[in-house]
Amino acid sequence: MEKKPYYITTAIAYTSGKPHIGNTYEIVLADSIARFKRQQGYDVRFQTGTDEHGQKIELKAEEAGITPQEFVDGVSKEIKRIWNLMNTSYDRFIRTTDKDHEKQVQKIFKKLYDKGDIYKGYYEGMYCTPCESFFTPSQLVDGKCPDCGRETQPAKEEAYFFKMSKYADKLIKHIETHPEFIQPESRKNEMMNNFLKAGLQDLCVSRTSFQWGIPVDFDNRHVIYVWIDALANYITGLGYQCEGNSDALFEKYWPADLHLIGKDILRFHTIYWPIMLMALDLPLPKQIFGHPWLLQGDGKMSKSKGNVIYADDMVELFGVDAVRFFVLHEMPFENDGIITWELLVERLNSELANTLGNLVNRTISMSNKYFEGIVSDKGAEEEIDKDLKAVVTQTAAKVNEKMDKLRVADAITEIFNLFKRCNKYIDETMPWVLAKNEEDRPRLATVLYNLTESIVIGACLLEPFMPDTSKNILRQLNAEKREFEELNKFGKYADGTKVTDTPEILFARLDMKETLAKVEEIQKKQTEEAEVKYPEVTPKEEISIDDFDKVQIRVGEILQCEPVKKSKKLLVSQIRIGEEVRQIVSGIAQYYKPDEMVGKKVAVITNLKPVKLCGVESQGMILAAGDEQGNLSVLTVDRDIIAGSEIC
């Protein structure tokens with residue numbers, strides 16, 4: 001019988017830097033769902049990747065002294081390394097710099113333009129560079145970005161716009177008739193009340209103030225704005241062809257069964273993306289789940305505080321499956337989860353080392369001690385066995401119910417309830433007492449068989465969440481992985497099977513004090529890396545106030561700025577200084593684009609003798625500061641001082 005397709009995606013990670021554990025949580029969550037669906041017999045397609053365009057990337061690359069492509073290549077490689085470290089089973093890692101993606105994004109933009117859904121206009125508003133989003137003054141919160149809380153800057157530029165309002169009523173109807181479309185329910189209410197029913201504004205979908213993006217192929221002054229570019233990955237990664245004849249993957253897997261995203265980008269995925277799909281005449285994804293955040297226990301993660309938690313640091317201390325267990329089990333369905341190093345140690349010791357690890361170790365050890373490792377069911381059943389078997393055989397259905405609702409933490413709890421019931425069964429049956437009497441050996445054998453069979457079922461259920469641990473347990477018990485539909489049946493462990501001679505420790509207990517000492521070393525390293533390295537400047541000889549008074553520094557307003565034709569380093573500016581306009585040449589071309597300089601009020605030395613640079617006369621000097629990392633900033637005034645005012 002042909003398997004039913006299931007397509008799951010994560011949001012693609014922004015290539016601004018190394019992902020911390022809060023970012024990594026999403027890929028582990030998606031992987032657990034993908035593995036569970038495969039276990040149920042679905043033909044799963046699991047896609048993740050990186051979002052690599054935008055102004056922030058361009059600026060970071062400039063700061064690093066490398067090209068944007070070199071910058072995103074490095075960060076994307078690091079993100080992929082972390083995803084692989086966490087044993088995630090994605091089928092494609094898409095990058096928005098992939099040529100097949102870029103080509104289709106251009107075609108999508110052109111199709112929407114030709115259809116009349118995209119038009120050219122003019123944008124003026126407040127812009128947040130980190131979020132790459134425009135806002136009206138009324139949308140700001142205390143004058144700052146409503147999404148990230150950072151400062152915004154006034155921005156004005158020609159842009160293309162998408163007619164959002166054209167499809168708003170259609171989207172509202174879809175959401176109302178498909179209650180499962182946005183989950184959890186609270187997220188749906190937020191999108192409907194705060195955005196859709198409040199009235200949608202047309203969306204800015206191109207930029208001209210930076211170059212690092214996919215060009216609009218019929219208007220190369222513009223690059224396609226991040227949200228059309230990034231969101232389209234969900235279909236371009238399947239081989240969607242805008243002009244028709246899409247790949248078989250697209251025909252098979254679209255529409256997506258689940259877009260798994262962080263709650264902070266819910267608006268883009270539940271409003272902008274569905275409207276784009278409607279405009280392209282494509283079916284909408286079946287469900288969009290906005291998961292909560294994983295927060296650091298002592299506040300917002302910051303390198304300067306030394307409290308950022310990275311997946312690879314956690315893995316070094318605890319192992320991959322322990323980290324997977326923690327981030328999946330500690331995250332509530334709707335509310336933000338809390339992560340601390342102390343809680344990690346506590347959970348590893350109580351749940352993984354004691355509840356699970358000790359159970360497997362004790363069971364294997366008793367089989368070896370009493371029966372030379374041979375596990376057999378002698379049929380010596382007692383009433384107490386019925387309750388154990390009921391708990392074990394009902395767990396698969398409970399896990400399935402929780403996973404259908406994406407309640408992953410609750411599903412893991414059900415599996416560990418099975419293991420806890422096994423530990424209780426040991427206390428109830430007391431195998432060490434049964435071993436003292438020869439006539440009780442059939443009963444002892446049956447008890448150990450029941451324990452082994454229960455552990456096998458629990459280990460199979462554990463596979464989507466802790467895949468290596470599941471394999472390790474089954475290997476030690478010499479058991480095969482079972483199909484999901486077989487996990488509600490008790491007694492399939494082959495009678496007479498021999499377990500491993502020496503049980504391996506699944507999870508060693510950790511000493512809290514020793515572990516936190518290692519954490520301090522990690523945090524110390526983070527702090528040192530984040531510390532400012534102040535430049536070493538050779539002091540010049542002291543001067544008197546009379547010497548300083550010889551230098552005249554005035555405020556100049558830059559009216560025009562353009563490159564010097566014969567130089568890659570020089571810009572020539574026309575600068576108003578009082579009633580006169582001066583021409584000044586500056587070696588700042590690698591730090592500023594000409595249009596970035598226009599309008600700035602800068603500090604200018606006005607009594608220098610004119611000089612010629614590359615054949616262009618310079619009538620003064622713009623003051624600037626530079627550091628050893630290659631950064632440079634022209635000196636500007638922070639208030640609206642009249643051009644020509646003297647700096648003293």
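Where is the place of Leu608? In this predicted model, Leu608 sits in the loop between strand E21 (601-605) and strand E22 (611-613). With 38% relative accessibility, Leu608 counts as partly exposed, because that class lies between under 20% for buried and over 50% for exposed. Leaving aside residues up to four places away in sequence, Leu608 touches Gly620 and Met621. For a sense of distance, look for Ile338: it is 270 residues from Leu608 along the chain, and the C-alpha atoms of the two are separated by 60 Å.

From that loop, let us turn to the interior. The largest nonpolar core has 105 residues, and those with the most contacts inside it are Ile33 and Phe318. Helix H13 (residues 341-371) supplies the largest share of this core, 14 residues. A second, separate core has 67 residues, including Ile224, Tyr253, Ile261 and Met278. Coming back to Ile33, you can trace its contacts with Tyr6, Ile8, Leu258, Leu260, Met403, Leu406 and Val408, again not counting residues up to four places away in sequence.

Helix H5 (residues 168-177) makes a good next stop. Its buried residues are Ala168, Leu171, Ile172, His174 and Ile175. Viewed down the axis of H5, these buried residues fall within an arc of 160°, so they line one face of the helix. Asp169, Lys170, Lys173 and Glu176, on the other side of H5, are exposed. And what covers the buried residues of H5? Among the elements doing so are strand E8 (182-183), helix H6 (185-196) and helix H10 (266-279).

Note on methods
Residues are numbered from 1 along each chain as its sequence is written. This is a predicted model: local features need pLDDT of at least 70, side-chain atom pairs count only at pLDDT 80 or more; totals for chains, interfaces and linings use all residues. Side-chain values use heavy atoms; hydrogens and water are left out. A nonpolar core is a set of buried Ala, Val, Leu, Ile, Met, Phe, Trp, Tyr and Cys residues joined through side-chain atoms within 4.5 Å. Buried means under 20% relative accessible area, exposed over 50%, partly exposed in between (1.4 Å probe, protein chains only). Helices (H or I, at least four residues) and strands (E, at least two) are DSSP runs, numbered from the N terminus. Contact means heavy atoms within 4.5 Å. The arc is that of the directions from the helix axis to the C-beta atoms.
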